Amino acid sequence: MHINSSPKTSKIANLLGAVAGLVNNRLEEELRVHPNANSTASAALNVIGMFGVCSIGQLAKGLCLSHSATVRLTEKMELSGWVSRLAGEDKRVVNLELTEPGKKHLRDVLDTRLGTLKPIVSKLSATHQKQLEKILSLLIEDSVNSEMDAVSVCRLCDDRVCPEDDCPAHQKLDSLDS
């Protein structure tokens with residue numbers, strides 16, 4: 001793969017990093033409403049919600065965390081009442097599912113996330129929003145080569161506004177299956 005190293009490409013990459021930092025900082029500020037609440041816990045809740053029932057191993061892959069870090073995270077989420085543990089196929093596997101308080105917390109997190117991001121995007125004209133959507137979709141499609149890539153990319157997505165049939169990550173998955 002050839003990477004364009006022109007000064008313009010470097011500047012765009014730098015600006016992208018600055019915007020990513022800005023967005024991340026705003027999200028971290030808004031989502032920290034509970035001692036165990038952070039973007040990783042929020043992503044974990046969303047990934048578990050995507051699967052319905054999710055093993056700790058699947059969750060670790062989706063979050064790009066080690067197994068032990070994922071176990072510690074799920075213990076905190078269980079103490080917060082957001083997830084419950086279920087027996088797996090064998091004694092080595094632990095499955096997780098969202099509790100009702102976990103589902104409510106996830107909806108609150110996704111609403112807060114959208115409420116934080118919409119003012120940033122709304123500063124753009126309708127034309128620029130459409131261009132940005134195309135660019136972001138291309139970047140997402142390019143990063144997805146497996147189901148776990150899609151889970152990782154979409155780990156904080158709100159499927160109420162980006163359903164699977166309109167999601168660039170899932171569209172890429174569908175094209176890989178064809």
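Strands here are DSSP runs of E with at least two residues, and helices are runs of H or I with at least four residues, both numbered from the N terminus; two strands pair if DSSP finds at least two bridges between them.

Before we start: this is a predicted model, where local features need pLDDT of at least 70, side-chain atom pairs count only at pLDDT 80 or more, and totals for chains, interfaces and linings use all residues. Residues are numbered from 1 along each chain as its sequence is written, and side-chain values use heavy atoms, leaving out hydrogens and water.

**Exercise 1. Work out the sheet.**

Step 1. Which residue of β3 stands opposite Cys54? Look across to Leu96.

Step 2. Follow the pairing: β1 joins β3 (residues 94–98) in the antiparallel sense over 2 bridges.

Step 3. Put the strands in order: the open sheet of 3 strands runs β1-β3-β2, with antiparallel pairing. At its edges lie β1 (54–55) and β2 (83–87), each pairing on one side only.

Step 4. Add the helix: α4 (residues 67–79) packs on the sheet and touches β2 and β3, a contact being heavy atoms within 4.5 Å. The direction of α4 makes about 120° with that of β2; axes are lines fitted to C-alpha atoms, for helices over the stretch in contact, and angles run from 0 to 180 degrees between N-to-C directions.

**Exercise 2. Check the cysteines for disulfides.**

Step 1. Apply the rule: a disulfide is a pair of cysteine sulfur atoms within 2.5 Å. The count comes to 0 disulfides.

Step 2. Take Cys157: its nearest cysteine sulfur, that of Cys154, is 4.2 Å away.

Step 3. Take Cys167: its sulfur is 3.9 Å from the closest one, in Cys154, so the gap is too far for a bond.
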